[in-house]
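Work through the exercises below with the model open. Try each task before reading its solution.

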Amino acid sequence: MKDKYDVIVVGAGPAGITAAYLLAKAGLEVVVFERGEFPGEKNMFGGAFYGSMLNQIVPNYWEEAPLERFLTRKVVTFLSEDSCVSVDVKNRNFGHPPYNGFTVRRARFDRWYAQKAVEAGALLVTRTVVDDLLYRDGRVAGVRVRRDEGELWADVVIAADGVNSLLAQKAGLRRELNPTHVNLGIKEVIQLPQRTIEERFNLAGNEGLANEFVGGLEGNVHGGAFLYTNTDSLSVGIVAQLPSLQQNRSKIYDLLEGFKSHPMIHELVKDGVAKEYSAHLVPEAGLHMMPQLYTDGMLVVGDAAGFVLATGLYLEGVNYAMASGMAAAKTVQEAVARRDFGKSSLGRYKKLLEENGVLTDLRTFKRAPEFIGNPRLHTLYPRLACDLAESMFAVDGQPRPKLLPLARRKLRGQISMRQLLKDGLEAGRSLLW
Amino acid sequence: MVIIEDKLGLVRYNADVESHIKLDAAACRACPHHVCAIVCPAGCYTLSDDAEILLSYTGCLECGTCRVMCDHVEWDYPRGGCGVSYRFT
C-alpha cells in the first residue's frame, strides 16, 4: 500500500462503493476501507431497492447483479387485531427491463457491487476499522485505521460509514444521534420453497412482492412491519420508534413474534424455516437530522448523511445512497481538476444533491417525519379503517348506510371531527400536496 | 415471549476476545430506567438482581441502539473482521 491516495472511502456499502467505482473509473487512486470480512457482511435493510440510480451507474445491471425478485406487486396494509385493509398494486410491466424495484441479499449484492469498484481499479481493504480522521493544515487529510496503528493520507475522505457515522461526528459535522432521528428495524429471513412463494403471493417466475403494514403492533407501539419476497425466502420485520419501545417497555423481538402470529400474517409465513435474525438503525428524520455534508477535505454520503426517505408509503435509502455517491464522485473529480479540496470547492456536492433529487425529495417530504410520529396513525386509524371496511362488507339485515354516515358513526366517541380534520390536513401537507 | 438466544442462534458471529462496548458501572447503578435492557434487539443487556447491568457483547448486532438511548455507554465497532456476519439478510 502507498502512503497517500487521491481518495479514501470509509465503508463499502452502496454509497461508498458508488463513489469509489466512479472515481476509479475516472482514473483516480481510490482506497475503500470496510470493517467487515467482506462488503455487505455488516449491512441490513428491509429488502427492496429501486434501480433507477444503479442503471445510470451500471447500465442494464440486471444482466449481472445478483438480484432476488423484481417487485411487481406493492401492498400497503392497515392492520387491526384480527382484520386488515389493503391497497394492492400489481403491474407485470415492472417484471420486465428496465424494471422498477427488486429485492436483494446484501451479503451478495454489496459484494458484487464492491467487486465492480475493484475491477475499475479501486483498492478494497476489508477487516479494517477506520478509527479517526487525520488533519493537516487544519483540514481532513487522511484516516487512522485500527490495524498496525496505520495512517493513510488522501486529498479527500468520503465518510460512507453508515447511520452511526462516528466519522461525521468526530469531524464535528453532526451531533450525537437523537432517539427521534432513527428507528430500530429488525428482520427475520424465513426460508420457503420458490414455488410456495409464487403460489402464496400470486407471483409468476421471479416476480416479487413488497408489503408494508401500518398499525397492529402489540401494545400500540409506534411503528410498522414489512414483508418482502426473496427468491426462496421472505424478509419479515418490524420497524419501531425508540421512545415508543421505551414507553411501552416492549421488546422489539416480541413484537415481531406477535406480528408473525397475527391471523392474517401467520398464513403467509407458515411452514417457513427461520434462517437469520438481524437488526439495524434506520435514519428517519430526513432534513431534520442532516449533518453538515462537507468540510475541508471531507464529504458525507448515504445513511451517514441521513439520506433515507421514510414517509410510511415510501421507504427508500439505497437509491439515495447511490445518488449521493454519484454526486460525491463528481464533486471530487471537479475538485481534483481545480486542485482545490477546501470547503467551498467541495460545496459543489450540495448543489449536485439538489440537482439529482436527493435534497429536493427530502425537502418535498420534510413534514413526513412529524406526521409519522402521530400516535393515531399507528393505533386508531388502522383500526378504524379495518372496522369501516368490515362494516361495508357485512350484510346483517340492518338498513344499508352510505359510506360517509357509516364513517361518522364509527368515529363518534373515538375522535372529534376537528382532530380528524387536523390529522387529515397534516397527512395532506406531508404526503399529498 | 421470545427467547432471544434462539434468534441469535441463527446468526453467524466471528467472536472477538474483548468487548467493543464498555459500560460505566456507577452510571448503570444510578440509572433510573435501564432502557438498554428494553431496547437492545439482541438482548445483550440484562439487569442483575443487585441493579448491575450485565453486557453480553458476543451477541451484539452492532446496530447502535444502545448508544443512541444511553449517554454513558462507550460504544465502538468491533475490530475489523469481528462481530456479526450476515449471510441471508
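The exercises cover helix packing, salt bridges and burial in this predicted model.

**Exercise 1. Classify the packing of α1(A) and α3(A), and give the handedness of their crossing.**

Step 1. Take the geometry. Helix α1 of chain A spans residues 14-25, and its axis comes within 8 Å of the axis of α3(A). The two axes cross at roughly 20°.

Step 2. Apply the cut-off. Angles under 35 degrees count as roughly parallel. Therefore α1(A) and α3(A) are roughly parallel to each other.

Step 3. Add the hand. The crossing of α1(A) past α3(A) is left-handed.

Step 4. List the contact residues. From α1(A) come P14(A), I17(A), T18(A), A20(A), Y21(A) and A24(A). From α3(A) come R106(A), D110(A), Y113(A), A114(A), K116(A) and A117(A).

Step 5. Sort by class. The contact of α1(A) with α3(A) has eight nonpolar, one polar and three charged residues.

**Exercise 2. Do the same for α15(A) and α16(A).**

Step 1. Helix α15 covers residues 380-393 of chain A, and helix α16 covers residues 403-411 of chain A. They pack at an angle of about 135°, with axes 10 Å apart.

Step 2. Angles over 145 degrees would count as roughly antiparallel, and 65 to 115 as roughly perpendicular. The angle here is about 135°. Therefore α15(A) and α16(A) are oblique to each other.

Step 3. Their crossing is right-handed.

Step 4. On the α15(A) side, the contact uses L384(A), D387(A), L388(A), S391(A) and M392(A). These meet L403(A), L406(A), A407(A), K410(A) and L411(A) of α16(A). By class, the contact of α15(A) with α16(A) has seven nonpolar, one polar and two charged residues.

**Exercise 3. Which chains does the salt bridge of E62(B) with K42(A) join, and are its ends buried or exposed?**

Step 1. Check the distance. The closest N and O atoms of E62(B) and K42(A) are 3.1 Å apart.

Step 2. Place the residues. E62(B) lies in the loop between β4 and α4 of chain B, and K42(A) in the loop between β2 and β3 of chain A, so the pair joins two chains.

Step 3. Check burial. The cut-off for buried is under 20% relative accessible area. E62(B) has 5%, so E62(B) is buried. K42(A) has 8%, so K42(A) counts as buried too.

Step 4. Set the pair in context. The count comes to 31 salt bridges over all chains. A network of salt bridges links E188(A), E257(A), K260(A) and K7(B).

**Exercise 4. Where in the chain do the partners R108(A) and E68(A) lie?**

Step 1. Their side chains meet in a salt bridge, 3.7 Å from N to O.

Step 2. R108(A) sits in helix α3 (residues 106-119), E68(A) in the loop between α2 and β4 of chain A. They are 40 residues apart, and the pair links distant parts of the chain.

Step 3. R108(A) is partly exposed at 43% relative accessibility. E68(A) is buried at 7%.

**Exercise 5. Describe the salt bridge of R429(A) with E426(A), and the helix that holds both residues.**

Step 1. The closest N and O atoms are 3.7 Å apart.

Step 2. Both residues lie in α17(A), three residues apart, about one turn of the helix. An α-helix has 3.6 residues a turn, so residues three or four places apart point the same way.

Step 3. R429(A) is partly exposed at 35%. E426(A) counts as buried at 16%.

Step 4. Buried residues of α17(A) include D423(A), A427(A) and L431(A). The buried residues of α17(A) pack against α12, α13, α14 and α15 of chain A.

Definitions and conventions. Residues are numbered from 1 along each chain as its sequence is written. Chains are lettered from A and ligands numbered from 1 in the order in which they are written. This is a predicted model: local features need pLDDT of at least 70, side-chain atom pairs count only at pLDDT 80 or more; totals for chains, interfaces and linings use all residues. Side-chain values use heavy atoms; hydrogens and water are left out. Axes are lines fitted to C-alpha atoms, for helices over the stretch in contact, and angles run from 0 to 180 degrees between N-to-C directions. Helices (H or I, at least four residues) and strands (E, at least two) are DSSP runs, numbered from the N terminus. A crossing is left-handed if the near helix is turned anticlockwise from the far one by less than a right angle, and right-handed if clockwise. Contact means heavy atoms within 4.5 Å. Ala, Val, Leu, Ile, Met, Phe, Trp, Tyr, Cys and Pro count as nonpolar, Asp, Glu, Lys and Arg as charged, and the others, Gly among them, as polar. A salt bridge is a side-chain nitrogen of Lys or Arg within 4 Å of a carboxyl oxygen of Asp or Glu. Buried means under 20% relative accessible area, exposed over 50%, partly exposed in between (1.4 Å probe, protein chains only).
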